[in-house]
Amino acid sequence: MTVIPQPRKSPRQLRSQHTVDTILQATARVLATHGYAGTNTNLIAETAGVSVGSLYQYFPNKNALIAALHDRHDNQMLDVIDDVLNGNPAATLRERVGAIVQAMLHAHLLEPALHRVLEREFPLFDQPHEHSRADQDIHRRMRHLLELHRAEVAQEDRDLATYVVLRIMESLVHAAALEPPAGFTPKQLEGAVVDAVMGYLGASGNAAPGKMSKAVKAAPKAARRVSADKPAKAIKTASAANKMKPARV
């Protein structure tokens, strides 16, 4: 079993949190530009505008930084789902699924080079589901969404349905971001992912709506928060092709 590198300590004060956010943003930029071999803590510290000593207060090496990027992504995907659930209460299940998929795809397409490094070189630096609070929260949020719209869902086992829905989203969004098929727009890809989810759920009223809902319109705003150029909670993607664990988005 792969031992996942851990940070030395977690920031407690607002100033320390800002420093760690800045370091992680710099790590994302350096990794995306130079790849793993060209990345080192000196370059990350220089890019972040902090001393190497400040970096080492929180992270013992670059592998611990990569693991932290995975964690950051988990939390960002949780924020995306929360934004949709807290949005338009009158939205249908399809509209909410569409908003989540749109925000997820937009977030991944912001930093495709970074996601390729994390997915293809370091998928095992991702916390197992049972050790990731964000992953478990994502599962609970999606389970709650299906329960809210139980009248629209034909699948009776909602725990299994939650797992499958998240796996469908994860697999297709990652594939669209890492290996986008030629000749299709992001909007077409979004619609295909939503169709796949709604088709599995056997949901009533699963035809694509003629007009974009408020929930879907709000999705890009939620996704913009995950740019590496802005402070964020926590970047990761875990390839569904590389790992068979409970769904992560």
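Colleague: What is the mean pLDDT of the chain, and what share of its residues reach 70 or more?

Modeller: This is a predicted model, and the mean pLDDT of the chain is 78, with 74% of residues at 70 or more. Over residues 209-249, though, the pLDDT is below 50. That stretch still has 141 contacts in the model beyond near neighbours in sequence.

Colleague: Which elements have the highest and the lowest mean pLDDT?

Modeller: Helix 2 (residues 41-48) has the highest, at 95, and helix 10 (residues 214-224) the lowest, at 47.

Colleague: What makes up the fold, helices or strands?

Modeller: The chain has 10 helices and zero strands. Read along the sequence, the pattern is just α-α-α-α-α-α-α-α-α-α. As for burial, 51% of the 249 residues in the chain are buried.

Colleague: How do you know that the length of helix 4 fits its number of residues?

Modeller: Helix 4 covers residues 62-85, which is 24 residues. At 1.5 Å a residue they should span 34 Å, and the end C-alpha atoms are 35 Å apart, so the two agree.

Colleague: And how does helix 5 do on that test?

Modeller: Helix 5 has 18 residues, 93-110, and at 1.5 Å a residue the expected span is 26 Å. Its end C-alpha atoms are 26 Å apart, so that agrees too.

Colleague: Why are helix 4 and helix 5 called mostly covered?

Modeller: It comes down to counting buried residues. In helix 4, 20 of the 24 residues are buried; in helix 5, 15 of the 18 are.

Colleague: Why is Ile66 called buried?

Modeller: Buried means under 20% relative accessible area. Ile66 has 1% relative accessibility, so it counts as buried. Ile66 sits in helix 4, and its C-alpha atom is 8.9 Å from that of Leu31, 35 residues away along the chain.

Colleague: Why does Gly98 count as buried?

Modeller: Gly98, in helix 5, has 12% relative accessibility, which is under the 20% cut-off, so it counts as buried. Gly98 and Glu190 are 92 residues apart in sequence, but their C-alpha atoms are 7.3 Å apart in space.

Colleague: What about Ser16: why is that residue called buried?

Modeller: Ser16 is in helix 1 (residues 14-34). Its relative accessibility is 17%, again under 20%, so Ser16 counts as buried.

Colleague: What makes the link between Ser16 and Tyr58 a polar contact?

Modeller: The cut-off is 3.5 Å between N or O atoms, and the side chains of Ser16 and Tyr58 make their polar contact at 3.2 Å. Leaving out residues up to four places away in sequence, Ser16 touches Pro11 and Tyr58.

Colleague: What happens at the start of helix 4?

Modeller: A side-chain oxygen of Asn61 reaches to within 3.2 Å of the backbone nitrogen of Asn63 there.

Colleague: How do you know that the charged end of Lys62 sits over the ring of Tyr36?

Modeller: The distance limit is 6 Å from the ring centre, and the charge must also be within 35 degrees of the ring normal. The charged end of Lys62 is 3.8 Å from the centre of the Tyr36 ring, and the pair is listed as sitting over the ring.

Colleague: How many aromatic pairs does the structure hold?

Modeller: Zero. To count, two ring centres would have to lie within 6.5 Å.

How values were computed
Residues are numbered from 1 along each chain as its sequence is written. This is a predicted model: local features need pLDDT of at least 70, side-chain atom pairs count only at pLDDT 80 or more; totals for chains, interfaces and linings use all residues. Side-chain values use heavy atoms; hydrogens and water are left out. Helices (H or I, at least four residues) and strands (E, at least two) are DSSP runs, numbered from the N terminus. The expected span of a helix is 1.5 Å times one less than its number of residues. Buried means under 20% relative accessible area, exposed over 50%, partly exposed in between (1.4 Å probe, protein chains only). Rings of Phe, Tyr and Trp (its six-membered ring) pair if their centres lie within 6.5 Å; planes under 30 degrees apart count as stacked, over 60 as edge-to-face and the rest as tilted. pLDDT is the predictor's confidence in each residue, from 0 to 100. Contact means heavy atoms within 4.5 Å. A polar contact is a pair of N or O atoms within 3.5 Å; within protein, one must be able to donate a hydrogen and the other to accept it, and residues adjacent in sequence count only if both atoms are side-chain atoms.
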